[in-house]
Amino acid sequence: MKKLHIPSMVKNNQKIRKRRNQILEASIQPFKEKGFHRTTTREIAENAGMSFGAIYEYVESKEDILYLFFESLYDKLNTILKSRVSDQFTGLNRLRSFVKEYFYVINEIWDETGIMYSESRSLPKPYLEYVLSKENDFVQYVMGIFSKALQEENISIHEDDIYLLTHNIIVQGHMWAFRGWALRKRYTLEQYIDIQSKTLIGSTLALID
């Protein structure tokens with residue numbers, strides 16, 4: 001699904017990217033602390049060092065900001081993760097390596113991931129459909145890594161099982177963000193990765209045809 005076009009009164013693409021990045025950075029703290037609905041566009045503009053009127057040169061609504069936030073987050077997740085995932089591992093070690101890198105990236109975009117999990121329901125339908133399509137693209141990417149790892153080990157499990165385990169991986173990564181208030185008190189990131197990796201591998205082996 002193609003990216004949705006968010007209109008801007010400004011015609012300079014470089015300036016649009018720069019100002020929208022400012023706006024998105026300025027929205028993280030209020031979205032996290034107050035939620036989307038209680039955050040005002042004026043507050044975001046002030047955080048971004050812009051006038052209330054100036055922000056509307058780059059977006060038309062607060063919903064536009066939330067959409068751009070999600071779009072930017074998925075782009076960032078994919079860019080960072082794909083730059084770090086190594087092809088030097090094979091089989092189940094490939095899977096372990098991916099889970100480790102994925103959880104590390106989630107740890108780096110902790111606040112943004114928490115907002116994503118809590119505020120996606122606030123998106124208007126066309127925006128939500130795009131975000132869900134990006135999520136599905138990511139699911140397919142992870143499934144590809146999972147399937148390749150199993151093939152290298154000559155392990156056969158049903159595609160439906162791979163699909164469900166793929167969602168488990170993704171949600172376990174998200175959980176480190178949205179349940180971090182409890183998990184970080186009990187586990188280091190490395191401990192969390194180790195336990196979740198062992199759980200994943202155990203579940204996978206238990207499903208062998």
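Student: What volume does the second largest pocket have?
Tutor: The second largest pocket comes to about 190 Å³ (the space filled by probe spheres set on its grid points). A pocket here is an open set of points on a 1 Å grid over the protein atoms alone, where a 1.4 Å probe fits and protein lies on both sides within 12 Å along at least five of seven lines. This is a predicted model, where local features need pLDDT of at least 70 and side-chain atom pairs need 80 or more, while totals for chains, interfaces and linings use all residues. Residues are numbered from 1 along each chain as its sequence is written, and side-chain values use heavy atoms, leaving out hydrogens and water.

Student: OK, which residues lie nearest the centre of that second pocket?
Tutor: Tyr74, Met116, Ser120, Glu135 and His174, out of 13 lining residues (those with an atom within 4 Å of a point).

Student: And which elements give two or more residues to its lining?
Tutor: Those are H4, H6, helix H7 (125–152) and helix H8 (159–178). Helices are DSSP runs of H or I with at least four residues, numbered from the N terminus.

Student: How does that lining split by class?
Tutor: Nine residues are nonpolar, three polar and one charged. Ala, Val, Leu, Ile, Met, Phe, Trp, Tyr, Cys and Pro count as nonpolar, Asp, Glu, Lys and Arg as charged, and the others as polar.

Student: What about the largest pocket, how much space lies in it?
Tutor: About 480 Å³. Ile16, Arg17, Arg20, Leu68 and Glu71 are the closest to its centre, among 17 lining residues. H1 and helix H4 (62–84) each give two or more residues to that lining, and H1 has the largest share, with six. By class, this lining has seven nonpolar, five polar and five charged residues.

Student: Switching to helix packing: at what angle do H1 and H6 pack?
Tutor: Helix H1 (residues 13–34) and helix H6 (residues 110–119) sit at about 55°, with axes 10 Å apart. Axes are lines fitted to C-alpha atoms over the stretch in contact, with angles from 0 to 180 degrees between N-to-C directions.

Student: Which residues meet there?
Tutor: From H1, Ile28, Phe31 and Lys32 touch Trp110, Asp111, Glu112, Ile115 and Glu119 of H6 (heavy atoms within 4.5 Å). That contact holds four nonpolar, no polar and four charged residues.

Student: And how do H6 and H8 cross?
Tutor: At roughly 105°, with their axes coming within 8 Å. Trp110, Thr113, Gly114, Met116 and Tyr117 in H6 meet Val171, His174, Trp176, Ala177 and Phe178 in H8. The class split is seven nonpolar, three polar and no charged.
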